[in-house]
Amino acid sequence: MADCAQPVSARAGIGAALVVVALIFGTLVAVVLRAEPGRGLGASDWAALRFTLIQACLSAGLSVALAIPVARALARRRFVGRRVLVALLGAPFILPVIVAILGLLQVFGRAGWISDGLALVGLEPVQIYGLHGVVLAHVFFNLPLATRLILQGWQETPAERFRLAAQLGADARAMRQLLEYPMLRRVVPGALAVIFAICLSSFAVALTLGGGPRATTIELAIYQAFRFDFDLGRAAMLSGLQLVLTGAAALVAVKVAVGEGFGTGLDRPLQRWDGNSTTSRIMDGFWIILAAAFLLLPLAAIALSGVPGLVGLKASVWVAALNSILVATLSTVLMLILAVPMATAVALGRGTMIEVAGILGLAASPLVIGTGLFIVIYPIADPFALALPVTALVNAVMALPFALRILVPRAKSVVGRYGRLSMSLDVRGWPFVRRVLLPRMRAQIGFSAGLAAALSMGDLGVVALFADPEFATLPLQVYRLMGAYRMESAAGAALLLLALSMSAFWILDRGGRWHAEV
């Protein structure tokens, strides 16, 4: 009956959510059914669990601790290039992991810029492999995310609060106690939980920077259990353990925020009176410069070292680039087929199950989904021959939670504004979707499509399970070149991957916003 009172049915969105749930749990069940009974987790698995929790705690703690002064500095200062810097804080999220790792190696590695500088004064080079390398890479990826989350908390504080505090003669310390600390108590726990959940499922970082069995994450242990031992029972148990941990972290992220916001204001520009001292200016400048250098130096290293390597790239690299483009294209199409109906169903009031399905995409192990698909496909077809579509499907499910966060608010707005009018004009079903919903969601669809394409283009996960010497995507090819110590070619391929990822994001995002109602 609910469907009859709406301009469009929610059945397609519910069906898409059921497909996602069936894919995640169905592949896990397939792995469990093929597992040998009676085997539990070994000492190496518990060591992987300990390392995963330790590195996730350290990564989340350092990312948020460093983000607080950076976000405060950006909230208090206005300078040329500020908008560009804030926009660049979103770049690491869509940056291919293998590209960022190669850039970090060229800056912080044993033969990197910092080690060369230390050698000039007779000091030992930096050791990047192991726990500290994994944490460094996670901070690189998650510091911008934490900064954006905390900066948003400052920006949502009404300017009238700071104006009133200044009129009452509150100094910088009093403003921190009255305004900043309550905001941080509300924002920081959620940021910690989100980043902790992201770091729990780390794979590519641990694969390249882990440095051995002592630095193995749960996701990497799942990969090893399938790829080298074909121990499906161990892979299933580790996946279930990771699902519980990530789900608990996601639940904490929702429940842990303390306190209420400061209400609404008159949308006046935020003006601060607590940072006018010379010391405050110096410290704010220090944190802004430090954050910018930490984010931009690895990208500059890739650009400088990658240009010479582009010239001599072999045909296998260009074939891998074509494979990555095909995977990203198919993954983006599949993601939109799932995400748009699910976002519409949420807008129609069917949000609980849809949102749970979206969270599952963050909690599930893509390697276990790939393993389950391998088991299901093997009796009827050659899984290695279907590596491209399987990789694209898993990448689409992994990008789905982020796409829903982008699409759902706009879908709610469109249904709320035009739903009753459309029903009064008898514009329902597909005509409503084609003429009303999709045209007004073009900008959000383009942005989510660009995000999915960039994430899929740079993914180094499921394809590692299905890859053989004759097949590779571009991230896997970069990893192979790094493993063969062909660093110049790896840098050239990484620069190509970076250009393709950013181009895919820009083209789709820009295309969605072209003449769109935003």
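**A tour of two cavities and the cores**

Select S324, V327, T391, N395, S456, M457, D459, V463, T473 and P475: these residues line the second largest cavity, a set of points on a 1 Å grid where a 1.4 Å probe fits but cannot get out, with lining residues having an atom within 4 Å of a point. Helices α14 (315-347), α17 (387-424) and α19 (442-457) each give two or more residues to this lining. The volume of the second largest cavity is about 40 Å³, and its lining has four nonpolar, five polar and one charged residues.

This is a predicted model, in which local features need pLDDT of at least 70 and side-chain atom pairs count only at pLDDT 80 or more, while totals for chains, interfaces and linings use all residues. Numbering starts from 1 along each chain as its sequence is written, and side-chain values use heavy atoms, leaving out hydrogens and water.

Next, select I24, T27, L28, S239, L243, A364, S365, V368 and I369, which line the largest cavity. About 50 Å³ of space lies there. Helix α1 (11-34) supplies at least two residues of this lining, as do α12 (232-255) and α16 (366-377); the largest share, three residues, comes from α1. No charged residues occur in this lining, which has six nonpolar and three polar ones.

Now select L74, V99, F140, I150, Y223 and L474, which touch the most other members of the 107-residue largest nonpolar core. Such a core joins buried nonpolar residues through side-chain atoms within 4.5 Å, buried being under 20% relative accessible area with a 1.4 Å probe. Helix α2 (residues 43-76) gives the most, twelve residues. Domain 1 (46-97 + 129-309) and domain 2 (313-517) both contribute, so this core lies between them.

Note on methods: Buried < 20%, exposed > 50% of the residue type's maximum accessible area, 1.4 Å probe, protein only. Helix = DSSP H or I, 4+ residues; strand = E, 2+ residues; numbered from the N terminus. Domains from an automatic or database assignment. 1 Å grid on protein atoms, 1.4 Å probe; cavity = no way out; pocket = protein on both sides within 12 Å on 5 of 7 lines; lining within 4 Å. Points joined across faces, edges and corners; volume = space filled by probe spheres on them. Nonpolar A, V, L, I, M, F, W, Y, C, P; charged D, E, K, R; others polar.
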